[in-house]
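Please walk through the structure shown here, beginning with an enclosed space and the residues around it, and then turning to a helix and two individual residues.

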Amino acid sequence: MGADEKKVATEKATEFEDHQHVEVSEELPPELEALMHTEPLKGLTTAEVEERTAKFGKNEIAEKKTNPFIKFLSYFTGAIAYLIELAFILSGVVEDWPDFGIIGALLIINALIGFIEESKADAALDALKNTLALKSRVFRDGKLVEVESNTLVPGDIIAVRLGDIIPADGRLLGIGVDGSEAEVNLQVDQSALTGESLPVEKKKGDTIYSSSICKQGQMLAVVTKTGANTFIGRAANLISITNEQGHFQKIVNQIGNFLVIITVTMVIIIFIYLIIRRKNEVTKLSKKDVFDVLRDVLVLTVAAIPVGLPTVMSVTMAVGAKQLAAKQVIVKRLTAVEEMASVSVLCSDKTGTLTLNKLTFDEPYLKPGFTKEDLLLYSYLASEPGANDPIELAVRTAAKKDVPLLSECIGHTIPGFKVTSFVPFNPATKLTQATVIDHHANETFKVAKGAPQVIVKLVGGDNEATHAVNMLARRGLRALGVARTVPGSLETWELIGMISLLDPPRPDSGETIRRCEEMGVVVKMVTGDQLIIAKEVAARLGMQRAILDANSLTDPDATDAQLADRCLHADGFAQVIPEHKYRVVELLQSKGLLVGMTGDGVNDAPALKKANVGIAVHDCTDAARSAADIVLLAPGLSTIVDGILTSRAIFQRMRSYALYRITSTVHFLIFFFIITLALRWQMKAILLIFIAVLNDAATLVISVDNAQISRRPDKWRIGQLITLSVILGCFLTALSFSVFFVARDVFHIPSDAGLQSEDKSKVGKMETIIYLNVSSAPHFTIFSTRLAGFFWENLPSLTFTAAILATQIFAMFISIFGIKSLTTAIGGGWGVSLIAISLAYFVLLDAVKVFIFRIWSFELTVKLWPTRPRKERLRLKKERQVIEERVHKNVNKVRKVSKAIYAMQAFERAGQKELV
């Protein structure tokens with residue numbers, strides 16, 4: 001015996017590592033466990049079925065339908081809506097029918113937009129229900145019969161075979177329909193439920209889940225859970241209880257609450273003041289006097305209320321939705337367009353979302369003397385023609401793609417080779433085998449493909465190959481061995497190599513993740529697949545490998561705050577079930593983050609519904625599509641980046657309009673409040689309505705304005721928005737009073753049309769002058785509110801500019817020339833001067849805005865509104881800053897030491913070279 005042979009003989013054989021498949025297991029409660037002892041070939045009796053149906057209910061997901069009329073009425077709620085409705089009622093009381101009709105129409109239009117655009121809440125439940133099997137084979141009264149799946153009860157004995165959709169959760173009994181021991185274990189595809197990329201082997205005693213699909217084998221099972229108690233039923237329940245108010249609605253309500261409070265407060269004070277003044281003018285107040293005052297106050301209220309706010313916001317989002325549709329991104333819930341701009345964390349399912357959900361040939365292990373083409377050719381020869389097994393399909397696809405000899409072959413005929421016999425895959429032998437004649441070499445050989453352990457044993461052992469398989473398994477790759485007989489012998493085998501298979505990342509997934517992170521959106525993988533597979537895919541996508549398993553989400557010793565921090569710092573979670581995905585989204589939201597979720601399976605549906613923005617990807621299940629807010633029609637995730645960019649542009653337009661509208665309302669209310677109380681001056685009701693309608697109609701074109709897209713997730717910052725609006729509103733009020741006093745005291749224009757003047761041409765002019773100022777000055781402010789920087793940094797679109805200028809040029813002309821019973825002519829001097837002053841003043845307001853944005857900080861917010869939560873957040877923020885600074889200093893010290901060491905080593909090497 002030679003030295004090499006002795007070494008091999010004495011060397012300990014490397015063993016294959018056993019990587020256990022981790023699956024969620026549940027213990028049945030004792031009362032259910034007691035029902036599991038049904039005699040397999042007899043089944044339950046009719047009486048037992050009726051008794052258990054009464055106790056557990058039908059095997060179906062209960063429907064919770066929303067009354068369409070109640071749903072329609074829900075769109076009439078909210079602070080702004082309530083104020084508009086109050087104005088609607090008051091206009092009817094005082095018999096102001098034109099306003100009554102206009103306000104009523106606005107209310108109905110706003111409600112119809114929401115009702116039509118948004119999807120029904122129970123659509124996801126309908127889709128989940130449709131995934132259940134309709135018919136099942138079950139033993140009843142000693143006979144194997146076919147029954148409706150919704151009649152199954154715990155304890156029923158069901159027969160599961162190839163191609164069946166499993167009708168309920170069950171426990172495998174390990175026997176066939178004839179009572180004999182099952183020859184093979186089941187292979188079950190539960191990817192839509194758990195996110196696992198490969199079919200899972202199920203043996204006697206294992207649990208099978210409702211709506212999964214049997215891919216191989218036949219076996220009896222006893223039903224353990226039905227209906228809402230099943231794995232898929234619990235997912236449906238999570239969807240049904242997720243019905244929270246959207247982020248956008250909360251923002252609109254906050255803006256509305258502020259405007260309602262100041263509007264109602266000031267209008268009530270004005271109403272009381274006018275009633276007292278009218279009482280002093282007449283001996284006794286009549287019903288007509290009260291109604292006249294009420295009508296004046298009503299007009300002021302209607303003009304001040306941002307009745308166009310919901311409509312402008314809806315139109316802006318609808319235009320954005322249309323832009324996204326052109327990029328194959330379908331928006332189901334309109335407000336998701338705005339919310340997507342604020343998403344800072346994107347949780348993504350792995351299988352079918354980040355990956356192709358298709359087994360693919362990966363880098364193989366090759367023995368010396370063999371190439372990748374050799375490995376694929378021999379594996380193709382040992383493949384079963386026409387088999388639908390995903391592994392066989394992956395091997396055949398890779399071989400036809402990479403082996404030139406096979407690229408043009410038709411069927412399974414290979415030029416120069418002839419398969420004379422073929423032994424298909426057998427669960428007992430775990431391999432396929434073919435006998436082949438090579439016409440080129442004029443020889444016959446055998447080729448085998450199968451489980452690595454079997455192939456390595458076939459060739460007499462190979463420690464290097466075993467080690468290679470173990471390394472692949474540690475990375476989550478599926479391996480297959482390929483071997484052939486040596487020339488001149490049909491009994492002696494040699495190893496060719498090991499095929500490695502993986503569900504690979506989509507071509508665009510890595511780039512999408514990188515671009516999302518550039519835009520400040522952190523991507524986290526949340527998958528039901530195995531931990532080692534999740535880490536491998538994460539590494540290939542350029543993500544960090546800090547992937548945790550589901551146990552980290554169910555740690556009984558951790559508080560919710562600790563779990564939320566764990567979710568924040570982890571790069572993803574593996575081996576999770578629908579409840580875990582839902583929990584991840586919930587915990588991240590508890591940190592004040594807006595969370596997006598992408599997915600394609602039934603297991604993703606609850607998290608898609610819970611997330612602020614649920615995104616269903618291409619080729620997703622009906623359940624995922626129905627639960628989502630946005631549906632991607634194109635494969636891959638690249639369109640998500642388009643969605644984020646478009647939504648941020650839309651957000652900037654909406655924030656611009658909100659800032660402008662609040663500023664206008666503050667200016668309007670403060671000016672008319674003071675001038676009514678202090679100077680007893682009032683404007684014609686028709687002019688007030690004219691300002692409100694004309695200016696709001698023009699701002700509808702903001703939906704097509706140029707927008708400056710932010711590099712980070714957008715936030716409304718309501719405190720900053722309202723503070724800036726109040727400051728700008730006060731500046732505009734100062735301008736309006738300056739115009740009023742200059743016109744009255746310098747140009748001697750009467751402040752009231754009812755007073756006599758020496759110059760009759762001046763009578764009624766003050767009203768027109770103030771009308772033009774109040775119309776133009778706030779309206780031009782929208783050129784400033786478009787962005788945080790100076791207005792010239794991103795110029796508005798021509799359409800937007802033209803619409804804004806056109807309304808004010810129209811207002812200028814009707815002021816210059818006058819319209820009977822509407823405006824008194826003020827001449828070109830006043831008209832052009834007032835427009836020029838308004839344009840110049842918006843430049844001043846722009847500088848004020850930029851200054852406020854620059855000095856604004858969270859610390860300033862805490863000083864202005866020192867609430868306890870804000871103080872705590874500021875304290876934690878400062879603590880984190882101190883820690884980060886300390887870490888930064890230590891890192892710099894280490895870098896300096898490293899540079900010094902490197903420099904010393906360089907000098908030493910230089911000195912050694914000189915000595916040499």
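In this predicted model, the largest cavity is lined by 14 residues, and those lying nearest its centre are Arg-661, Ser-664, Phe-668, Ile-691 and Asn-695. The volume of this cavity is about 140 Å³, and the model holds five cavities of 30 Å³ or more when they are counted by the same rule. Rolling a probe the size of a water molecule over the atoms is what reveals where empty space remains. Sorted by class, the lining of the largest cavity consists of seven nonpolar, five polar and two charged residues. Three helices, namely H26, H27 (685–698) and H29 (765–780), each contribute at least two residues to that lining, with H26 providing the largest share, six residues.

The helix that gives this largest share deserves a closer look. H26 runs over residues 638–679, and because a helix is expected to span 1.5 Å a residue, its 42 residues should cover 62 Å, a value with which the 61 Å between its end C-alpha atoms agrees. Along its course H26 is mostly covered, since 35 of its 42 residues are buried. Just after H26 comes Arg-680, whose phi is positive, at about 55°.

Elsewhere in the chain, Ser-552 is found in a loop, the one that connects strand S20 (547–549) to helix H22 (560–569). Is Ser-552 buried or exposed? Its relative accessible area is 11%, and because buried means under 20%, Ser-552 is buried. The side chain of Ser-552 reaches the backbone oxygen of Asp-549 at 2.6 Å. Once neighbours within four places in sequence are left aside, Ser-552 is in contact with Leu-563, Arg-566 and Phe-573.

A second single residue, Glu-443, lies in strand S16, which comprises residues 443–450. With a relative accessibility of 19%, Glu-443 falls under the 20% cut-off and therefore counts as buried. Which residues does Glu-443 touch, if those up to four places away in sequence are not counted? They are Val-436, Ile-437, Asp-438, Arg-484, Pro-487 and Gly-488.

Methods
Residues numbered from 1 in each chain as written. Predicted model: local features only at pLDDT ≥ 70, side-chain atom pairs only at ≥ 80, totals over all residues. Heavy atoms only, no water. Helix = DSSP H or I, 4+ residues; strand = E, 2+ residues; numbered from the N terminus. Expected span 1.5 Å × (residues − 1). Buried < 20%, exposed > 50% of the residue type's maximum accessible area, 1.4 Å probe, protein only. Polar contact = N/O pair within 3.5 Å; in protein donor to acceptor, adjacent residues only side chain to side chain. Contact = heavy atoms within 4.5 Å. 1 Å grid on protein atoms, 1.4 Å probe; cavity = no way out; pocket = protein on both sides within 12 Å on 5 of 7 lines; lining within 4 Å. Points joined across faces, edges and corners; volume = space filled by probe spheres on them. Nonpolar A, V, L, I, M, F, W, Y, C, P; charged D, E, K, R; others polar.
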